[in-house]
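Thanks for making time for this one. I would like to walk through a single chain with you, going from its surface to its helix packing, and then to a few local details of the backbone and side chains.

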Amino acid sequence: MNGRATMRKIALAAIAGAGLAVWAFPVIWGLLTSFKTERDVLAYPPVWLFEPTLDNYHEVIFGASSIVPNLVSSMIVATTATLLTMLIAVPAAYALGRLRYPAKRASGFYVLATQMLPPVGLIIPYYLALQKLGALDTYSGLVAIYLTFSLPFAIWLMVSYFEDVPLEMEEAGLLDRAGRLRTLWYVILPQVRGGIAVTTIFVFLNAWNEFMFAVVLGGNRVRPVTVAMFNFISVEQTQWARLAAGAMLAMAPVILIGIFAQRHIVKGLTVGAVKGGGRR
């Protein structure tokens, strides 16, 4: 039995290592490319031993092709969209998960239906609507569009966390005359803070990585970093080294969030299953 358990652990470790290698290889290759010159990047066979250079990072940070303004635009759009999403999604998810009101099933189906709509089919209507409102290439217009796909995702992700909170806790708060809002703030929200944390992280990452709406509805004033990557691609040539350096800078906030928030992500994803299993 000990031999079988050991072999099983080795097999699982090998599978996990293979999966990690598949994920990490493009990132490592991009990181190495960002320190190469264009000559080394285009060398064939590939150059593994080379003299590193920081010229690519200097160019994408301080040069004519700087993506720092685009990083600022991405941060503004992603942060604002995340804050507004959570401000609306928390009470909406609470209402769907805990309250009884007319047309509850209809409103829940509406939220689900908006989540299922293909984004590519909404590009033209969104463009025409923002054009009529004069909101093309503005932070407010892009944030409003991001809310249309981040809100349904956040609401449905948090509904299960609110449903897993025992009703007795809420009833105790109401019996103590705490009121619905005070009960939500002091009793319910502390129980679902893990779910709120993981939802906030996912909403921010989705907004940061979004490309399709940004490239169509943005412009010169509002140009997120995902769109700015095209500055290094032209008909004549593709500046692979600078493109890799820009990609590393664009991925840095996402990677840092994943590293520092991994404990909250794992806890938030498992708490619902544990509570649900305990109640069953």
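L128 sits in helix α6, and I begin with this leucine since L128 is one of the residues that make up a nonpolar surface patch of about 670 Å². Please keep in mind throughout that this is a predicted model. Besides L128, the patch is made by I124, Y127, F211, V215, V216, F230 and I233. Two elements give two or more residues to it, namely α6, which runs over residues 123-133, and α11, which covers 212-217. Which element gives the most to the nonpolar patch? That is α6, with three residues.

Staying with α6 for a moment, the loop between α6 and α7, where α7 spans 139-163, contains D137, and the phi of D137 is near 60°, which is a positive value in a residue other than glycine. A second backbone detail is found at the peptide bond from Y44 to P45, which is cis, with omega near 0°; P45 belongs to the loop between α2 (38-41) and α3 (55-62).

Now to the packing of helices, where α10, residues 193-209, and α13, residues 240-260, pack at an angle of about 170° with their axes 11 Å apart. Angles over 145 degrees count as roughly antiparallel, and α10 and α13 are therefore roughly antiparallel to each other. On the α10 side the contact is made by I201, F204, L205, W208 and N209, which meet A250, P253, V254 and I257 of α13. By residue class, this contact divides into eight nonpolar residues, one polar and no charged.

Helix α13 comes up once more in the salt bridges, of which the structure holds two. In one of them the side chains of E59 and R242 meet, at 4.0 Å from N to O. Because E59 lies in helix α3 and R242 in helix α13, this pair ties together parts that are 183 residues apart in sequence.

I am happy to go back to any of these points.

Methods:
Residues are numbered from 1 along each chain as its sequence is written. This is a predicted model: local features need pLDDT of at least 70, side-chain atom pairs count only at pLDDT 80 or more; totals for chains, interfaces and linings use all residues. Side-chain values use heavy atoms; hydrogens and water are left out. Axes are lines fitted to C-alpha atoms, for helices over the stretch in contact, and angles run from 0 to 180 degrees between N-to-C directions. Helices (H or I, at least four residues) and strands (E, at least two) are DSSP runs, numbered from the N terminus. Angles under 35 degrees count as roughly parallel, over 145 as roughly antiparallel, 65 to 115 as roughly perpendicular and the rest as oblique. Contact means heavy atoms within 4.5 Å. Ala, Val, Leu, Ile, Met, Phe, Trp, Tyr, Cys and Pro count as nonpolar, Asp, Glu, Lys and Arg as charged, and the others, Gly among them, as polar. Patches are made of residues with over 30% relative accessible area and no salt bridge: like charges are joined within 9 Å, nonpolar side chains (Val, Leu, Ile, Met, Phe, Trp, Tyr) within 5 Å. Accessible areas come from the Shrake-Rupley method with a 1.4 Å probe; for residues, only the protein chains shown count as cover.
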